[in-house]
Structure formats: C-alpha cells, structure tokens
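Please explain how this structure is arranged, for a reader who meets it here without earlier acquaintance. A formal account in running paragraphs would be welcome.

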Amino acid sequence: MDNISLDARLSSVIRAPRLLVISDFDGTIADFADDPENVPVNRDSIAALEALGALPDTGAAILSGRDLATLRRLSGAGDRVELVGSHGAESTGDPVEPTDGQRRLLDAVGERLNDLIAGHPGAAVESKPFHRVLHTRRVADRALGDRLLDEARQLRPEGLHVSTGKCIVEFSAVSVNKGTWIAEVRKRGGWDAVVFLGDDVTDEDGFRVLGTGDLGIKVGDGDTAAVGRVADTDGVQTVLERLVTARAAHLKG
Ligand SMILES: [Mg+2]
C-alpha cells in the first residue's frame with residue numbers, strides 16, 4: 001500500500017464512534033536484540049498508545065506472545081493501555097491459570113525440547129503459563145537453528161497447538177490466538193473499528209479477523225493479510241502518533 005492510501009484509511013478509521021488500537025510488541029513497538037530481556041523499546045510509541053487510551057471512546061492495547069508479567073515489565077505502559085500476553089491467553093482484564101492437565105502437557109513437551117537443544121548453545125526453551133517455546137535466534141549456525149525448529153515441529157505433542165514465528169516454535173495449551181482475542185474483545189467492548197499493527201506470522205491470525213472498517217498494518221516485508229504496511233518500528237511510531245492527533249482533533253469536532 002502506498003502512503004496515500006494508508007493516510008486515507010487512517011483518516012477514515014479515526015471517525016469510528018468507538019475505536020480500539022492494538023499493537024504487537026516485539027518487532028512492532030520494540031526492536032529485536034540478542035537478549036530478549038533487554039530489547040530497545042520505542043517509548044514514543046508507548047506514549048502514543050497511552051495518549052490514545054486516555055481519549056474518550058478510544059481504547060489501546062498491546063497484544064503480545066510474551067507472558068503478561070514480562071510484557072508489563074518491558075513495556076512499562078501505564079494502565080490506560082490494556083496489556084495482553086501469551087497471544088491473548090493472559091489479559092490484565094481477565095486473569096486465568098492453566099489447569100493441572102495443561103501444566104502436565106506443557107512440562108512434558110518442555111522436557112523434550114530441553115533434550116532437543118542439549119549441546120546447542122544459543123537455543124533456549126521459554127516457559128510461559130500456557131506455552132513452551134523453542135527460540136533459535138541466538139544459534140550462530142542458521143542451518144542448525146532451522147533444523148532444531150523442524151525437529152521441534154515434528155514432536156507433535158498430543159493436546160497442544162503448535163505455531164511458528166520468527167526463529168521460534170511454540171506449543172500452546174490453549175486454542176486462543178491473536179485473532180480469537182481480537183474478535184472477542186471487539187464484541188465485549190463494543191468497538192466499531194479496530195486498528196492492529198504487527199510484524200510476525202502469529203499477527204496474521206489478527207489481520208484475518210479484521211473487517212472492511214478496520215485497519216491492519218503489517219510491519220516489514222513478507223506476505224500478509226493486512227491492507228496496510230510500514231517498514232519498521234519507526235513507521236509504527238509515525239502511525240500511532242498520527243492516530244493520536246487525528247483522533248483527538250476528530251473528537252473535539
Ligand atoms: Mg512481533
């Protein structure tokens with residue numbers, strides 16, 4: 001999409017009676033880093049989301065694959081921004097815990113993943129309340145990293161959902177994804193239009209549930225179901241700041 005049509009869509013979406021703006025975190029608001037606990041966060045994007053959340057009939061949320069506690073710590077976002085972790089399984093609005101059965105399935109696949117990465121420096125297994133995730137971003141040998149991802153996908157553990165992203169394979173005890181969360185929150189909050197920004201494969205679930213009055217914005221290259229696109233996290237900041245200005249001006253009438 002060229003800038004002119006993205007501009008036109010932004011000017012149209014800010015006229016919605018109730019507008020919800022949702023952003024992914026990694027690769028969208030924060031850039032990537034070797035240490036996932038120490039990613040550079042675009043504070044201006046966070047500030048723009050907080051400003052949107054403070055406007056009447058306007059909501060702001062960060063929807064991430066990270067667990068909620070980590071997302072809260074890394075984003076530092078104030079309570080005007082709803083934080084939603086684990087692709088929608090963990091929300092500040094509605095806290096839930098995995099069952100004993102889900103925990104057992106997750107622990108079992110976690111052990112198999114730990115066996116898989118033994119002796120391969122840089123590969124890591126992340127534990128989240130509803131997920132176990134293999135990360136290969138820090139495996140120096142890219143071919144080895146890809147092979148580990150392949151082998152992890154072959155595990156096909158019973159009762160768990162498998163999804164893939166950039167240098168990750170994720171096993172989930174819940175069928176919640178970014179798309180199911182967006183569809184649910186839209187109904188619950190009575191939002192007329194949704195803007196959703198994201199960079200990765202898991203964000204496509206979100207783009208696919210958007211309708212014609214919504215606006216999906218893909219960050220970076222690659223196939224997407226989103227109608228809009230920006231190049232990088234700076235492009236995200238520009239969009240979010242434009243939304244704040246235009247929405248505030250529209251509400252003032
Ligand atoms: Mg991302």
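Is Asp-26 buried or exposed? In this predicted model, Asp-26 has a relative accessible area of 16%. Because burial is assigned to values under 20%, Asp-26 counts as buried. Asp-199 is likewise buried, with a relative accessible area of 4%.

Both residues belong to the metal site. The magnesium ion is coordinated at 2.1 Å by Asp-24 through OD, by Asp-26 through O and by Asp-199 through OD. Along the sequence, the spacing of these donor residues follows the pattern D-x1-D-x172-D. Distant parts of the chain are thereby linked: Asp-26 lies in the loop between β1 (19–23) and α2 (43–54), whereas Asp-199 lies in the loop between β9 and α7, 173 residues apart.

The discussion now turns to the sheet. Four strands form an open sheet in the order β5-β6-β8-β7, and their pairing is antiparallel. The edges are occupied by β5 (124–128) and β7 (161–165); each has a single partner strand, so one side of each is left without a neighbour in the sheet. From one strand to the next, the twist averages 20 degrees. Five bridges join β5 to strand β6 (residues 131–135) in the antiparallel sense, and Glu-126 stands opposite Val-133 in β6.

Two helices accompany this sheet. Helix α4 (residues 100–117) lies across β5, β6 and β8 (168–172), and runs at about 10 degrees to β6. Helix α5 (residues 142–154) packs on the sheet as well, where it touches β6, β7 and β8; the direction of α5 makes about 20 degrees with that of β8.

Aromatic side chains provide a further topic. The count of aromatic pairs comes to one. This pair is formed by Phe-196 and Phe-207, with 5.2 Å from centre to centre and 50 degrees between the planes. The arrangement is classed as tilted, because an angle under 30 degrees would count as stacked and one over 60 as edge-to-face. Phe-196 belongs to strand β9 (residues 193–198) and Phe-207 to helix α7 (residues 203–208), eleven residues apart. Both Phe-196 and Phe-207 are buried.

Charged side chains also lie over aromatic rings. Arg-18 is placed over the face of Trp-191, at 4.1 Å from the ring centre. In a similar manner, Arg-137 lies over the face of Phe-32, at 4.3 Å from the ring centre.

Technical notes
Residues numbered from 1 in each chain as written. Predicted model: local features only at pLDDT ≥ 70, side-chain atom pairs only at ≥ 80, totals over all residues. Heavy atoms only, no water. Phe/Tyr/Trp six-rings, centres within 6.5 Å; stacked < 30°, edge-to-face > 60°. Buried < 20%, exposed > 50% of the residue type's maximum accessible area, 1.4 Å probe, protein only. Lys NZ or Arg CZ within 6 Å of the ring centre and 35° of its normal. Pairing = 2+ DSSP bridges. Axes fitted to C-alpha atoms, helices over the stretch in contact; angles between N-to-C directions. Contact = heavy atoms within 4.5 Å. Donors = N, O, S within 2.8 Å, 3.2 Å for Na, K, Ca; no water.
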